[in-house]
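Let's take a walk through this model together, from its overall make-up down to single residues. Please have the sequence and the 3D view open side by side.

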Amino acid sequence: MSDIRKTFYVGYKSDGSYRNRPMSPHLQVYKPILSMVLSISNRITGGALSAGSALMVAWLVSAAKGPKSFQKTQKFTGSFLGQIILFGFSSAFFLHFIGGIRHFIWDLSGKRLEKPEITQDSKSEVIGVAALTLALWTIILGKKIKKRKK
């Protein structure tokens, strides 16, 4: 074999002779569609939520350490960069949550797996993530504005 990659696609028949196994197409072969992007994003947001959870633990630890430490953490989370990170964390949470429910329905019932249904559900997922994220941040920023007025 001249190409080392070919070794991964060689199998054995029951009589012991070699057989070439089919190669699975790579992501670059497929035209990106919304459901594919959401499925990949669901996996990425799982990793992002792990990192974000570590930040949440750091926030809780700072609260346990006392008011001075907590005030420093609150100063960061109240900054523009902190707000961007929290916005990203919340949208990642909602995307992962809704995507997880969708995958759960697929796994549990085996339904909604036809292309038109998947496309419809993908659009609903995007709308749901946007609506939940915007609703949360409307509440957060509304309370912040109310506090400043007092």
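Of the 150 residues of the protein, 21% count as buried, where buried means under 20% relative accessible area, exposed means over 50%, and partly exposed lies in between (1.4 Å probe, protein chains only). Please keep in mind that this is a predicted model, in which local features need pLDDT of at least 70 and side-chain atom pairs count only at pLDDT 80 or more, while totals for chains, interfaces and linings use all residues. Residues are numbered from 1 along each chain as its sequence is written, and side-chain values use heavy atoms, with hydrogens and water left out.

The protein has four helices and two strands, and from the N terminus on the order is β-β-α-α-α-α. Helices (H or I, at least four residues) and strands (E, at least two) are DSSP runs, numbered from the N terminus. Among contacts between residues at least 6 apart in sequence, 56% join residues at least 24 apart; contact here means heavy atoms within 4.5 Å.

Now to a pair of helices. Helix 2 (residues 67-78) and helix 3 (residues 80-109) pack at an angle of about 75 degrees, with their axes 4 Å apart. Axes are lines fitted to C-alpha atoms, for helices over the stretch in contact, and angles run from 0 to 180 degrees between N-to-C directions. The two helices are therefore roughly perpendicular to each other, given that angles of 65 to 115 degrees count as such, under 35 as roughly parallel, over 145 as roughly antiparallel and the rest as oblique. On the helix 2 side, Phe76, Thr77 and Gly78 meet Phe80, Leu81, Gly82, Gln83, Ile85 and Leu86 of helix 3. By class, this contact has five nonpolar, four polar and no charged residues. Here Ala, Val, Leu, Ile, Met, Phe, Trp, Tyr, Cys and Pro count as nonpolar, Asp, Glu, Lys and Arg as charged, and the others, Gly among them, as polar.

Gln83 also takes us to the largest pocket: along with Trp59, Gln74, Thr77 and Leu86, Gln83 lies nearest the centre of this pocket, which is lined by 23 residues. A pocket is an open set of points on a 1 Å grid over the protein atoms alone, where a 1.4 Å probe fits, with protein on both sides within 12 Å along at least five of seven lines; lining residues have an atom within 4 Å of a point. The largest pocket holds about 820 Å³ of space. Its lining divides into 11 nonpolar, eight polar and four charged residues, and helix 4 gives the most, with seven residues.

Leaving aside neighbours within four places in sequence, Gln83 is in contact with Thr77, Gly78, Trp137, Leu141 and Lys144. Leu49, with residues up to four places away likewise not counted, touches Phe89, Ala92, Phe93 and His96. Leu49 and Phe93 are 44 residues apart in sequence, yet 6.7 Å apart in space, C-alpha to C-alpha.

Here are four residues to look up:

| Residue | Place | Relative accessible area | Class |
|---|---|---|---|
| Gln83 | helix 3 | 16% | buried |
| Leu49 | helix 1 | 12% | buried |
| Ala58 | helix 1 | 41% | partly exposed |
| Arg112 | loop between helix 3 and helix 4 | 29% | partly exposed |

What is the phi of Arg112? Arg112 has a positive phi of about 65 degrees although it is not a glycine. Most residues other than glycine have a negative phi.

Technical notes:
Grid points are joined across faces, edges and corners, and a volume is the space filled by probe spheres set on the points.
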